[in-house]
Amino acid sequence: MRLDKFISQQLEVSRAIAGREIRARKITLNGEVVRDTAYKVQPQDAIEYDGHPLVVQQGPRYFMLNKPQGYVCSTDDPDHPTVLYFIDEPAAFKLHAAGRLDIDTTGLVLLTDDGQWSHRITSPRHHLAKSYLVELEAPLDPALVETFAAGIQLHNEKTLTKPAELEILDERAARVTLSEGRYHQVKRMFAAVGNHVVALHRERIGDIVLDDALGEGEYRELTQEEVDSIGLPDELKQSK
């Protein structure tokens, strides 16, 4: 990456302003003033701005967050706080959510700056299973287990939902596992059978399960095994 682009991203300023700061001799590279805006930044470089170290990112990053209610999964929103509020990492603005949750839905959000990795999570053709804990307004009919498995006709949709697993946990609580991600799908599926979702919490994406040790608003890096679990062929997953 060019030095002016690196400075632009680190300081969250335009490339023009970054170039001006470099030419003003405010940037040091490995202890020496550097004025070459086109210098190619290397992972081992020690770069400072006005005496403050800047971190040279090495490789893509992967995190899980336990999202509370009231936050949106976009990187910028004029009306609501975003999940990036909780992420205390260098250049956190580069991260994006791999599979969003509604503002009132809680639970597992995966954040990364690896676009190909997040695409494997969100792409419909990968059929990545996602599990949700659901609280309902009305009691659950046990017959819904078969209804969800057969597919449900959603309002303004041409095709049935793909088979979904419904596990009834209590009179008004259930776990739903989906292999697709239509708009507000869990809420709309229950609405289609005459019930109303009062609380929704995502607990799993593929083989990645929300860490029980994370309180609301807390996050951690994914393990290498968790990162690798996304997009691996089934035969490789079974051999691990």
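A helix axis is here a line fitted to C-alpha atoms over the stretch in contact, and the angle between two axes is taken between their N-to-C directions, from 0 to 180 degrees. In this predicted model, the axes of α1 and α2 come within 8 Å and cross at roughly 110°. Angles of 65 to 115 degrees count as roughly perpendicular, and α1 and α2 therefore stand roughly perpendicular to each other.

The residues that form this crossing can be listed from both sides. From α1, the residues L3, D4, K5, I7 and S8 take part, and they meet R15, A18 and I22 of α2. Sorted by class, the contact of α1 with α2 comprises four nonpolar, one polar and three charged residues.

Helix α2 itself spans residues 15-23, and its buried residues are A18, G19, E21 and I22. When the helix is viewed down its axis, these buried residues fall within an arc of 160°, so they line one face of α2. A16 and R20, by contrast, are exposed on the other side of the helix. The packing partners of the buried residues of α2 are helix α1 (3-11) and the strands β1 (27-29) and β3 (47-49). Just after α2, R25 adopts a positive phi of about 65°.

The next topic is charge pairing. Side chains of opposite charge can pair when their charged atoms come close. The structure contains 15 salt bridges. One of them lies within α2: the side chains of R20 and E21 meet with an N to O distance of 3.9 Å. E21 has a relative accessibility of 9% and counts as buried, whereas R20 is exposed. This salt bridge thus joins a residue of the buried set to one on the other side of α2.

D4, one of the α1 residues in contact with α2, also takes part in a salt bridge, with its side chain meeting that of R2 at 2.8 Å, N to O. D4 is buried, at a relative accessible area of 7%, while R2 is partly exposed, at 30%.

Further along the chain, the side chains of E171 and R172 form a salt bridge at 3.0 Å, N to O. Both partners are partly exposed: E171 has a relative accessible area of 46%, and R172 has a relative accessibility of 37%. In addition, salt bridges that share partners join E157, E180, R182 and R188 into one network.

Technical notes
Residues numbered from 1 in each chain as written. Predicted model: local features only at pLDDT ≥ 70, side-chain atom pairs only at ≥ 80, totals over all residues. Heavy atoms only, no water. Buried < 20%, exposed > 50% of the residue type's maximum accessible area, 1.4 Å probe, protein only. Helix = DSSP H or I, 4+ residues; strand = E, 2+ residues; numbered from the N terminus. Arc of directions from axis to C-beta. Contact = heavy atoms within 4.5 Å. Parallel < 35°, antiparallel > 145°, perpendicular 65-115°, else oblique. Nonpolar A, V, L, I, M, F, W, Y, C, P; charged D, E, K, R; others polar. Salt bridge = Lys/Arg side-chain N within 4 Å of Asp/Glu carboxyl O.
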